[in-house]
Amino acid sequence: MTSSRRTLFPLVRLARLVALSALLCAGAVHADEYSDITALLKAGKAADALAKVDQRLASTPKDPQLRFLRGVAQADTGKQSDAIATFTQLTQDYPELPEPYNNLAVLYAGQNQLDKARTALEMAIRTNPSYSTAHENLGDIYAKLAAQAYNKALQLDANSSAVLTPKLALIRSLFAAGPTPANTRTSTVVAAAPTPAPAPVAAKPAPVPAPVVPAAPAPEPKAPAASPAPSAIPVTPVARPPVTESVEPPAAKVSGAETAAEQDVEAAVKAWAAAWSARDMKNYLSSYGKQFDPPGKQSRAAWEKEREARIVGKSHIQVTISKLSVNIKGDRATARFHQAYSADTLNVTSRKTLELARSQGRWVIVRESTGG
């Protein structure tokens with residue numbers, strides 16, 4: 001198992017690289033501000049990077065990118081507890097971002113707190129279901145948990161060795177037997193192919209002389225049976241015209257309905273962004289349906305209260321949507337787009353996905369995720 005999967009130590013490097021690549025997507029203007037810090041991290045000069053981050057944070061203490069880089073630098077300098085505190089605070093301030101959850105999981109795994117690591121990765125996936133790094137890391141955590149459970153089972157019973165020996169043998173036989181039956185089946189198929197081949201060859205000359213004598217009268221009674229053949233000929237063209245006529249009208253109607261539905265979804269997404277930008281909490285919250293699943297284990301009331309505190313507390317907010325694409329299946333729709341968010345000193349560009357459902361003649365949000 002360990003030879004086919006990554007160990008937990010390389011996960012730290014992977015998370016660091018993911019963090020750096022995610023941060024570099026913030027935009028060209030802000031990328032310049034973090035380029036020297038990321039360069040120091042890539043060069044292995046984590047202590048120098050941490051000093052620069054702390055210096056920058058003194059003037060912009062709420063900058064999420066700098067705080068994220070600070071957590072990475074703390075982890076690289078061996079300050080695991082400080083890094084955990086940094087990423088934990090980020091998950092509380094920005095629960096829609098999956099990367100802090102992922103890095104928390106890596107740090108917990110390094111301390112062998114696998115249950116906490118699993119919970120953090122599940123939160124990352126819930127925030128962004130298409131976050132492949134979190135899915136892969138969660139697989140590693142499950143493998144480690146399984147290994148621990150197995151080792152614990154070995155220690156529970158002093159006589160367990162006698163019981164577990166055949167199980168171990170069974171595991172080895174399963175892995176060893178896997179290719180063997182496959183090869184056997186392949187060779188059997190190959191061998192079986194030539195075996196029936198001579199049988200039909202011998203069968204063909206046998207019926208050849210047989211039909212020569214009695215077959216002469218046989219075709220004559222079957223000759224009238226040939227009359228269905230011409231009857232089948234007119235049936236085929238008769239069936240074709242109605243098929244094409246019945247298919248074309250629905251196709252045109254469906255495309256028109258889909259176009260109208262797509263326009264309605266686009267209008268709903270833009271109205272949501274406009275209400276957010278205007279800090280109009282009534283219309284903003286009404287954009288979310290009753291089935292909306294808040295991130296984490298929050299209740300709907302707690303989530304609404306938190307969102308209101310964050311939105312109304314800003315002096316200004318600007319949410320810009322670009323590259324919007326809509327996919328509709330029945331009463332469900334998925335809207336994917338690039339979101340540029342600007343609020344006070346924070347400027348973040350990310351990919352956003354909204355899942356919507358049709359409810360009482362309007363489209364409402366039932367799930368949202370960032371990244372992917």
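What percentage of the 372 residues of the chain count as buried? I began with this total, and in this predicted model I found that 32% of the residues count as buried.

**Entry 1, overall make-up.** I counted the secondary structure elements next and found 16 helices and four strands in the chain. I then looked at how the contacts are spread along the sequence: of those between residues at least 6 apart, 54% join residues at least 24 apart.

**Entry 2, helix α5.** I checked the length of α5, which runs over residues 80-93, and its end C-alpha atoms are 20 Å apart, in agreement with the 20 Å that its 14 residues should span at 1.5 Å a residue. I then listed the buried residues of α5, which are Ala 83, Ile 84, Thr 86, Phe 87, Leu 90 and Thr 91. They cover an arc of only 165° around the axis, and I therefore place them on the same side of α5. The general rule I had in mind is that an α-helix has 3.6 residues a turn, so residues three or four places apart point the same way. When I asked what covers these buried residues of α5, I found that the cover includes α4 (64-76) and α6 (99-110).

**Entry 3, the annotated repeat and α7.** I looked up the UniProt record, an unreviewed entry, whose annotation "repeat: TPR" covers residues 98-131. In the model, that span is 76% helix and 0% strand, and its end C-alpha atoms lie 8 Å apart. I measured nothing by experiment here; I went on to the loop between α6 and α7, where Asn 112 has its place. Asn 112 has a phi near 65°, a positive value in a residue other than glycine, and I noted this since most residues other than glycine have a negative phi. With a relative accessible area of 44%, Asn 112 is partly exposed. Helix α7 itself (residues 114-127) has 14 residues and reaches 20 Å from its first C-alpha to its last, close to the 20 Å expected at 1.5 Å a residue. For α7 I recorded as buried Leu 114, Ala 117, Ala 120, Leu 121, Met 123, Ala 124, Ile 125 and Thr 127.

**Entry 4, the sheet.** In which order do the four strands of the open sheet stand? I read the order as β1-β2-β3-β4, with antiparallel pairing. The edges are taken by β1 (317-329) and β4 (362-370), each of which has a single partner strand, so one side of each is left without a neighbour in the sheet. Neighbouring strands of this sheet are turned against each other by 25° on average, direction ignored.

I then went through the pairs in turn.

- β1 pairs with β2 (residues 332-343) in the antiparallel sense over eleven bridges; Thr 320 has Ala 340 in β2 as its bridge partner, and Val 319 stands opposite Tyr 341 in β2.
- β2 pairs with β3 (residues 346-359), also antiparallel, over twelve bridges, and the bridge partner of Thr 334 is Glu 355 in β3.
- β3 and β4 run antiparallel and are joined by eight bridges, with Arg 358 bridged to Trp 363 in β4.

**Entry 5, turns and backbone angles in the sheet.** I found two residues between β1 and β2 in their hairpin, where Gly 330 in the turn has a positive phi of about 65°. The hairpin of β3 and β4 has two residues between the strands, and there Gln 360 takes a positive phi near 55°. Within strand β1 I found Lys 323, whose phi is near 50°, a positive value in a residue other than glycine. Is Lys 323 buried or exposed? Its relative accessible area is 67%, and Lys 323 is therefore exposed.

**Entry 6, where helices meet β4.** I turned to Ala 267, which is found in helix α14 (residues 228-277) and counts as partly exposed at 45% relative accessibility. The C-alpha atoms of Ala 267 and Trp 363 are separated by 9.1 Å, although these residues are 96 apart along the chain. My last residue was Ser 287, in the loop between α15 (281-286) and α16 (300-312), which counts as buried at 10% relative accessibility. Leaving out residues up to four places away in sequence, I found that Ser 287 touches Trp 272, Arg 362, Val 364 and Ile 365. Ser 287 and Ala 273, 14 residues apart in sequence, are 9.6 Å apart in space, C-alpha to C-alpha.

Technical notes. Residues numbered from 1 in each chain as written. Predicted model: local features only at pLDDT ≥ 70, side-chain atom pairs only at ≥ 80, totals over all residues. Heavy atoms only, no water. Expected span 1.5 Å × (residues − 1). Buried < 20%, exposed > 50% of the residue type's maximum accessible area, 1.4 Å probe, protein only. Arc of directions from axis to C-beta. Contact = heavy atoms within 4.5 Å. UniProt positions renumbered as here; feature names shortened; annotations may be inferred. Pairing = 2+ DSSP bridges. Axes fitted to C-alpha atoms, helices over the stretch in contact; angles between N-to-C directions.
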